[in-house]
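Colleague: I would like a close look at a single part of this model, taken slowly and with its surroundings in view. Please begin with one residue and work outward from there.

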Amino acid sequence: MKSTIILLTMVTTIFSACGDSKKDAQADPGSVAEAIFDAAKTGNYKGLSALIDTDADNDSKMIGQVETDTNLQEGFKKHFAKGKIAADPTINGDKASVNILFGPDGTTEETFEMVLKNGKWYLVSF
């Protein structure tokens, strides 16, 4: 009986540790960029506004508005669904740059500028 309880405890612990395999979308600058692209690919816009810094430029704020503004969703999907990270993010303290490719054909070069606040990365400009 004791070995059964130990075994069940071990299995429960293993499944608990592995149960939530979702990566924090704000863990690093690349994750923020990927979360934006994934939202455009899947059409699941929930959480986009949380990725945008309160002091962000207007273009970045518009990405956050996609979550609730259906008028922006088609254009967002058109321009970001083929988006991808073009190079490893460059991190300098609490600021980061992520070179991306986006646009209708996924070939337009741009840079996402990010900021780290309270342990989370946010898009501030592009």
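Modeller: In this predicted model, Tyr-45 has a relative accessible area of 10% and therefore counts as buried, the limit being under 20%. Its place is in the loop between α2 and α3, the latter spanning residues 58-65. Leaving aside residues up to four places away in sequence, Tyr-45 touches Ala-39 and Ala-40, then Val-66 and Glu-67, and also Gln-73, Phe-76 and Lys-77. Between Tyr-45 and Ala-35, which are 10 residues apart in sequence, the C-alpha to C-alpha distance is 9.5 Å.

One of those contacts, Phe-76, leads on to the nonpolar interior. Phe-76 is among the residues with the most contacts inside the largest nonpolar core, a set of 25 residues in which Ile-36, Leu-48, Ile-63, Phe-80, Phe-112 and Met-114 are listed alongside Phe-76. Two or more residues each are given to this core by α2 (29-42), α4 (70-80), β3, β4 and β5, and the largest share, seven residues, comes from α2.

From the strand side, Phe-112 shows how these elements meet: not counting residues up to four places away in sequence, the residues that Phe-112 touches include Ala-33, Ile-36, Phe-37, Phe-80, Val-98, Ile-100 and Leu-123. Phe-112 lies in β4 and is the bridge partner of Val-98, within an antiparallel pairing of β3 (residues 95-102) and β4 (residues 108-117) that runs over eight bridges. These two strands form a hairpin with five residues between them, and Gly-103 in the turn has a positive phi of about 100°. On pairing with β5 (residues 120-125), β4 is again antiparallel, over five bridges, and Glu-113 stands opposite Ser-125. Here the hairpin has two residues between its strands, with Asn-118 in the turn at a positive phi of about 50°.

The loop that holds Tyr-45 is also tied to β4 by charge. Lys-117 in strand β4 and Asp-53 in the loop between α2 and α3 are 64 residues apart, yet they form a salt bridge whose closest N and O atoms are 2.8 Å apart. Asp-55 also forms a salt bridge with Lys-117, the closest N and O atoms being 3.7 Å apart, and this pair, 62 residues apart, likewise links the loop to β4. The three residues Asp-53, Asp-55 and Lys-117 are thus linked in a network of salt bridges. Their exposure is graded: Asp-53 is buried at 5% relative accessibility, Lys-117 is partly exposed at 30%, and Asp-55 is exposed at 58%.

Key:
Residues numbered from 1 in each chain as written. Predicted model: local features only at pLDDT ≥ 70, side-chain atom pairs only at ≥ 80, totals over all residues. Heavy atoms only, no water. Pairing = 2+ DSSP bridges. Helix = DSSP H or I, 4+ residues; strand = E, 2+ residues; numbered from the N terminus. Core = buried A, V, L, I, M, F, W, Y, C linked by side-chain atoms within 4.5 Å. Buried < 20%, exposed > 50% of the residue type's maximum accessible area, 1.4 Å probe, protein only. Contact = heavy atoms within 4.5 Å. Salt bridge = Lys/Arg side-chain N within 4 Å of Asp/Glu carboxyl O.
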